[in-house]
Amino acid sequence: MGKRNKKTRQPGKSTTKFVMIGIICAVIAAVVGVAYVNPDAIKADNPNAVKLSLDTRSGSPVLGDMSAPVTIIEFGDYQCPFCKRWNESTKPAIEKDLIESGEASLIYIDFPIIGPDSLTIHAGSYCAQEQDLYWKYHDFVYANQGHENDGWANSENLKKLVSEIDGLDTNLFAQCLDSGKYEKRVEDNKKIASESGVRSTPTFIVIGPENAEMITGAQPYTTFKGIIDEMYDK
């Protein structure tokens with residue numbers, strides 16, 4: 001494998017980006033066509049066909065250097081136990097070894113499929129983003145995840161839960177959440193995910209300089225590392 005150009009991580013960036021994957025659409029379509037059913041994933045209804053582009057501008061702030069040669073796009077639901085597993089068992093290694101080195105960046109796109117409270121808790125992430133606390137909120141709600149659809153993520157319980165996030169103004173958060181102003185953004189992201197071929201949570205699209213791979217389920221770090229290494233070798 002050839003030598004890689006390392007980039008210095010630029011933490012705290014809130015810029016999102018528009019990832020064009022038209023030239024690699026055939027690769028993604030082929031992967032979706034043969035994707036195995038992973039037991040560590042929650043299924044949604046079958047979506048429409050894969051589109052030529054994937055608009056990430058309404059997703060999360062970019063975690064890492066937005067000019068990194070590889071972009072990992074995660075589609076998840078904060079009520080999904082397999083998403084929680086991935087966030088706690090795989091994401092830390094990806095952050096340390098791939099994001100901090102400048103090899104990859106991560107973007108999270110809402111795919112709320114489990115129940116109505118999923119819409120609420122995802123909208124809350126953008127209320128936290130208003131206070132520059134998106135990723136702290138993201139990790140916190142996964143760490144404190146309750147059971148699916150048992151009310152832990154409804155509006156009132158969420159307001160109580162996030163009071164434990166250091167630095168978060170709970171009054172501003174509550175006003176933002178009650179306004180419902182980010183619910184359409186979440187719904188739009190769900191539509192983007194479905195139109196991109198996403199069928200379950202968590203699902204990932206790893207986009208390299210010339211090709212892309214779709215991964216389903218709470219896969220380990222080695223899966224992502226192997227795919228990214230192959231992208232560099234091509």
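Trainee: What makes β4 and β5 a pair of strands, and in which sense do they pair?

Mentor: Two strands pair if DSSP finds at least two bridges between them, and β4 and β5 are joined in the parallel sense over 7 bridges, so they count as a pair. One of these bridges sets Ile 72 opposite its partner Leu 106 in β5. This is a predicted model, in which local features need pLDDT of at least 70 and side-chain atom pairs count only at pLDDT 80 or more, while totals for chains, interfaces and linings use all residues. Residues are numbered from 1 along each chain as its sequence is written, and side-chain values use heavy atoms, with hydrogens and water left out.

Trainee: How do you know that β4 is joined to β7 as well, and how do these two strands run?

Mentor: Strand β4 (residues 70–76) and strand β7 (residues 203–207) are joined by 5 bridges and run antiparallel, so the requirement for a pair is met here too. Ile 72 also has a bridge partner in β7, namely Val 206. The names come from DSSP runs, numbered from the N terminus, with helices (H or I) of at least four residues and strands (E) of at least two; the chain comes to 9 helices and 8 strands.

Trainee: Why are β5 and β8 said to stand at the edges of the sheet?

Mentor: The sheet is open and is formed by 4 strands in the order β5-β4-β7-β8, with mixed pairing. β5 (104–110) and β8 (212–216) each have a single partner strand, so one side of each is left without a neighbour in the sheet. Neighbouring strands are turned by 20 degrees against each other on average, direction ignored.

Trainee: What makes β5 mostly covered?

Mentor: A residue is called buried under 20% relative accessible area, exposed over 50% and partly exposed in between (1.4 Å probe, protein chains only), and 7 of the 7 residues of β5 are buried. Both faces are covered, with Ala 104, Leu 106, Tyr 108 and Asp 110 on one side and Ser 105, Ile 107 and Ile 109 on the other.

Trainee: Why is the loop residue Gly 208 called buried?

Mentor: Gly 208 has a relative accessible area of 10%, which is under 20%, so it counts as buried. Gly 208 lies in the loop between β7 and β8. Leaving aside its neighbours within four places in sequence, Gly 208 is in contact (heavy atoms within 4.5 Å) with Pro 69, Val 70 and Met 231. In the chain as a whole, buried residues make up 54% of the 234 residues.

Trainee: How do you know that Cys 127 and Cys 176 form a disulfide?

Mentor: A disulfide is a pair of cysteine sulfur atoms within 2.5 Å, and the sulfur atoms of Cys 127 and Cys 176 are 2.1 Å apart, so the pair qualifies. The structure holds 1 disulfide. It links distant parts of the chain, with Cys 127 in helix α4 (residues 116–129) and Cys 176 in helix α7 (residues 170–179), 49 residues apart. The link is left-handed, with -80 degrees about the S-S bond.

Trainee: Why are Cys 127 and Cys 176 called buried?

Mentor: The relative accessibility of Cys 127 is 2% and that of Cys 176 is 6%; each value is under 20%, so both residues are buried.

Trainee: What makes the pair of Tyr 137 and Phe 173 tilted?

Mentor: Rings of Phe, Tyr and Trp (its six-membered ring) pair if their centres lie within 6.5 Å, and planes under 30 degrees apart count as stacked, over 60 as edge-to-face and the rest as tilted. The centres of Tyr 137 and Phe 173 are 6.0 Å apart and their planes stand at 35 degrees, so the two rings form a pair and the pair is tilted. Tyr 137 lies in helix α5 (residues 134–143) and Phe 173 in helix α7, 36 residues apart. With a relative accessible area of 0%, Tyr 137 is buried, and Phe 173 is buried with a value of 0%.

Trainee: Which residues form one aromatic cluster?

Mentor: Tyr 137 and Phe 173 belong to it together with Tyr 78, Tyr 108 and Tyr 142. The structure holds 10 aromatic pairs; among them is the tilted pair of Tyr 126 and Tyr 134, at 5.9 Å centre to centre and 35 degrees between the planes.

Conventions:
Axes fitted to C-alpha atoms, helices over the stretch in contact; angles between N-to-C directions.
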